[in-house]
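These exercises concern a ligand and its surroundings. Look at the model first, then work through each task and compare with the solution.

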Amino acid sequence: MIVRLDKYLAGLGLVSRRDAGRAVKAWHVFVDGELAKKSDVKITEWQIISYLGQDIQVREHVYVLLHKPQWYVCSELDEGGHLSYKVLLEECVYAPMLHVAGRLDQDTEWLVLCTSDGQFTHDIISPKKKQEKEYYVSLRDPISDEDIKKLELWVELDDGYLTMPAQVQRLSEKDIQLTIHEWKYHQVKRMVESLDNEVVYLRRDRIGDWTLEGLEKWERRYIDKE
Ligand code: URA
């Protein structure tokens with residue numbers, strides 16, 4: 001990755017490209033401890049930019065695991081009286097670069113992956129990649145063994161889509177652990193609705209090998225892509 005200094009700073013939303021140039025001229029920007037003499041100087045991954053006293057490591061892509069509580073929306077802006085997940089990325093200098101890889105509804109909580117890497121997001125949500133998403137699901141009505149078998153084979157969603165086989169573990173009369181491999185809008189809720197039942201509580205415990213181990217609600221940590 002090689003990018004212009006002013007472009008990188010602008011991409012982080014810290015400053016416009018023009019003002020980045022002004023900051024350079026005013027001797028406010030350093031790269032790896034050396035004064036940046038021009039705003040179009042090329043920078044590469046892992047270098048450290050010091051901008052107005054703030055140190056920023058240059059990263060092509062960033063991956064963040066976030067512990068989302070209920071009532072935050074996974075859209076860039078607040079919606080329906082609920083705050084955007086971006087609030088949970090406060091003081092994360094990379095926040096303007098990030099989007100959610102696989103949204104959660106506002107009333108669904110726990111594991112959210114945020115990234116700047118579109119290919120990574122594609123790999124998370126593409127059914128072809130078979131990336132596991134594991135949910136803890138509480139239901140309105142007890143679930144029968146027959147309904148569990150249906151989920152394990154396929155169910156038909158309200159738009160006619162037939163789901164791929166899911167893994168289901170019964171946890172109690174009304175609670176299951178559901179692991180799916182594809183990504184459809186409100187998929188878990190719609191799968192449960194196809195059984196004439198309803199989700200009363202939903203949380204995502206795992207995507208692939210990533211879990212929230214060691215993270216409290218509202219906390220986040222950087223992760224590696226692999
Ligand atoms: N399925 C849903 O119905 N909601 C979510 O938030 C995630 C998966």
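**Exercise 1.** In this predicted model, find which polar backbone atom lies 3.0 Å from an oxygen atom of the ligand, then look for polar partners of the ligand's nitrogen atoms.

Solution. Start with the oxygen: the polar backbone atom 3.0 Å from an oxygen atom of the ligand belongs to Lys189. Next, take nitrogen: a nitrogen atom of the ligand is 3.1 Å from a polar backbone atom of Val188. Then turn to side chains: an N or O atom in the side chain of Asp105 lies 2.7 Å from a nitrogen atom of the ligand. A polar contact requires N or O atoms within 3.5 Å. Finally, consider cover: on its own the ligand has 240 Å² of accessible area, and the protein covers 96% of that.

**Exercise 2.** List the residues around the ligand and sort the shell by class.

Solution. The residues around the ligand are Leu104, Asp105, Thr108, Tyr135, His186, Gln187, Val188, Lys189 and Leu202. By class, this shell holds 4 nonpolar, 3 polar and 2 charged residues.

**Exercise 3.** Which helix gives the most to the shell around the ligand, and which domains contribute at least three residues each?

Solution. Begin with the helix: helix 5, residues 187-193, gives the most, with 3 residues. Now the domains: domain 2 (63-125 + 215-222) and domain 3 (132-207) each supply at least three residues of the shell. As for location, the ligand sits in the largest pocket.

Definitions and conventions
Residues are numbered from 1 along each chain as its sequence is written. This is a predicted model: local features need pLDDT of at least 70, side-chain atom pairs count only at pLDDT 80 or more; totals for chains, interfaces and linings use all residues. Side-chain values use heavy atoms; hydrogens and water are left out. A residue is near a molecule or strand if one of its heavy atoms lies within 4 Å of it. A polar contact is a pair of N or O atoms within 3.5 Å; within protein, one must be able to donate a hydrogen and the other to accept it, and residues adjacent in sequence count only if both atoms are side-chain atoms. Accessible areas come from the Shrake-Rupley method with a 1.4 Å probe; for residues, only the protein chains shown count as cover. On a 1 Å grid over the protein atoms alone, a cavity is a set of points where a 1.4 Å probe fits but cannot get out, and a pocket is an open set with protein on both sides within 12 Å along at least five of seven lines; lining residues have an atom within 4 Å of a point. A molecule sits in a cavity or pocket if more than half of its atoms lie within 2 Å of its grid points. Helices (H or I, at least four residues) and strands (E, at least two) are DSSP runs, numbered from the N terminus. Ala, Val, Leu, Ile, Met, Phe, Trp, Tyr, Cys and Pro count as nonpolar, Asp, Glu, Lys and Arg as charged, and the others, Gly among them, as polar. Domain bounds come from an automatic or database domain assignment.
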